[in-house]
Amino acid sequence: MAKRILIVEDEEKLVANLADKLRAEGYDVFTALDGERGWELARQERYDLIVLDIMLPGLDGLSLCRMIRNDSETADVPIIMLTARGMEADKIVGLESGADDYIVKPFGLGEFLARVRVQMRRPSPDRIAKSSELSLGDLRLDFSGRRVYKGETELKLSHREFDLLSIFMRNRGAVLSRHWLIANVWGEDFLIGEKDKRSERTVDVHVRWLREKIEENPSSPRRISTVRGVGYRFEG
Ligand code: CA
C-alpha cells in the first residue's frame, strides 16, 4: 500500500511542486493550505509523514506540530518542518515542538525527497518495542543483554553510552537536539533550565566518548555527525 503524506503549506505553487514530485515517487499525497485545515486532516486519517510549514496564516506550524504531538492518535507520526532561513533550529527540532527534522527554504527537490525517505525508513515504535535486537551496518545492539557488537567484537559501553547509542540507532537520519537527547536519555529531571549549558555539555562529552568507541576515526566522525547549533544526527 502506498505511503500517505500530508503537506501543510500556504504557498500554493510550492505545494503543487512537492505534491507532484511525491506522487511521481509513488506516495499518496494530501494537502492543506492553512493550519486549521491541516489539523482537521491530521485527525481524520493516519499519515506516514506530515510536512509542515512554520509560517502559516492562522494556526502556525509550530503550534500545529505541538498539537499533533499531544494527541494520542497522531503523536507518533514523523514530522518534517519547512522553515525560513534564520530561524533558530533548536526551536524547531526536539523538545520545543517535537518535529523530527527540518528543511530550510529554499531547498532542492532532491534534498527534500532524501529527507522524506529517511523518515519513511524509520521503524515504527511498535516494531522497535517488540524486537530485542537492532542492527545497522556492522553495529548490533542486544537490548535484553545490553550488549553492543561491532562486527564480531563486543564493545564496552557504559550504561549511558548504551542508552545514547540505542536512541541514536532508533532515530537514524533524524536531527536530534541536545535538549531532546537529555530528556530521552537522562530524563526531564536532568534539564535544569531550558538553556542549561552544563547539561548540554554532558551530552557533548558522552557523544565524544561514544565516538571514541564506535567511529573508525573519532576526530572525523562518520556515524554521528554534528548539526551545528542543534545537536547530532546518526548517519548509520
Ligand atoms: Ca508559508
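In what order do the strands of the open sheet of 3 strands lie? In this predicted model, the order is β10-β12-β11, and the pairing is antiparallel. That puts β10 (175-177) and β11 (224-227) at the edges, where each pairs on one side only. Neighbouring strands here don't line up exactly: on average they are turned by 35° against each other, direction ignored. Within the sheet, β11 and strand β12 (residues 231-234) run antiparallel and are joined by 4 bridges. For anyone wanting to find the register on screen, Thr226 sits opposite Tyr232 in β12. The sheet also has a helix packed on it: α8 touches β10 and β12, and its direction makes about 75° with that of β10.

Helix α8 has a second partner. Its residues are 178-186, and its axis comes within 10 Å of the axis of α7, the two crossing at roughly 120°. Angles of 65 to 115 degrees would count as roughly perpendicular and those over 145 as roughly antiparallel, so α7 and α8 end up oblique to each other. The crossing of these two helices is right-handed. On the α7 side the contact is made by Arg160, Asp163, Leu164, Ile167 and Phe168, while α8 brings Trp180, Leu181, Asn184, Val185 and Trp186.

One of those α7 residues is busy elsewhere too. Asp163 forms a salt bridge with Arg146, with 3.0 Å between the closest N and O atoms. This pair links distant parts of the chain, since Asp163 belongs to helix α7 (residues 159-170) and Arg146 to the loop between β7 (139-142) and β8 (147-150), 17 residues apart. With a relative accessible area of 35%, Arg146 is partly exposed.

Arg146 leads straight into the hairpin of β7 and β8. There are 4 residues between the strands of this hairpin, and Arg146 takes a positive phi near 50°. The strands β7 and β8 themselves pair in the antiparallel sense, over 4 bridges, with Leu139 standing opposite Lys150 in β8. From β8 the pattern carries on into strand β9 (residues 153-155), which runs antiparallel to β8 and is joined to it by 3 bridges. Lys150 turns up again here, this time opposite Thr153 in β9. β8 and β9 also form a hairpin, with 2 residues between them, and Gly151 in the turn has a positive phi of about 60°.

Back to charges. Side chains of opposite charge can pair when their charged atoms come close. A search of the whole structure turns up 20 salt bridges. One of them joins Glu25 to Arg117, where the closest N and O atoms are 3.3 Å apart. Glu25 is in the loop between α1 (12-24) and β2 (28-32), whereas Arg117 is in helix α5 (residues 109-121), so this pair ties together parts that are 92 residues apart in sequence. How accessible are the two ends? Glu25 has 38% relative accessibility and so counts as partly exposed, and Arg117, at 38%, counts as partly exposed as well.

Another salt bridge brings together the side chains of Arg46 and Asp76, at 3.5 Å from N to O. It too links distant parts of the chain: Arg46 comes from the loop between α2 (35-44) and β3 (49-53), and Asp76 from the loop between α3 (61-70) and β4 (79-83), 30 residues apart. Arg46 counts as partly exposed at 47% relative accessibility, and Asp76 counts as partly exposed at 42%. Not every charged group settles for a simple pair, either: Asp101, Glu111, Arg115, Arg233 and Glu235 are linked in a network of salt bridges. Arg233 of this network falls in strand β12 (residues 231-234), while Glu111 and Arg115 fall in helix α5 (residues 109-121).

As for the chain as a whole, there are 9 helices and 12 strands. Of its 236 residues, 50% count as buried. Among the contacts in the chain with a separation of 6 or more, 54% come from residues 24 or more positions apart.

Key. Residues are numbered from 1 along each chain as its sequence is written. This is a predicted model: local features need pLDDT of at least 70, side-chain atom pairs count only at pLDDT 80 or more; totals for chains, interfaces and linings use all residues. Side-chain values use heavy atoms; hydrogens and water are left out. A salt bridge is a side-chain nitrogen of Lys or Arg within 4 Å of a carboxyl oxygen of Asp or Glu. Buried means under 20% relative accessible area, exposed over 50%, partly exposed in between (1.4 Å probe, protein chains only). Two strands pair if DSSP finds at least two bridges between them. Axes are lines fitted to C-alpha atoms, for helices over the stretch in contact, and angles run from 0 to 180 degrees between N-to-C directions. Angles under 35 degrees count as roughly parallel, over 145 as roughly antiparallel, 65 to 115 as roughly perpendicular and the rest as oblique. A crossing is left-handed if the near helix is turned anticlockwise from the far one by less than a right angle, and right-handed if clockwise. Contact means heavy atoms within 4.5 Å.
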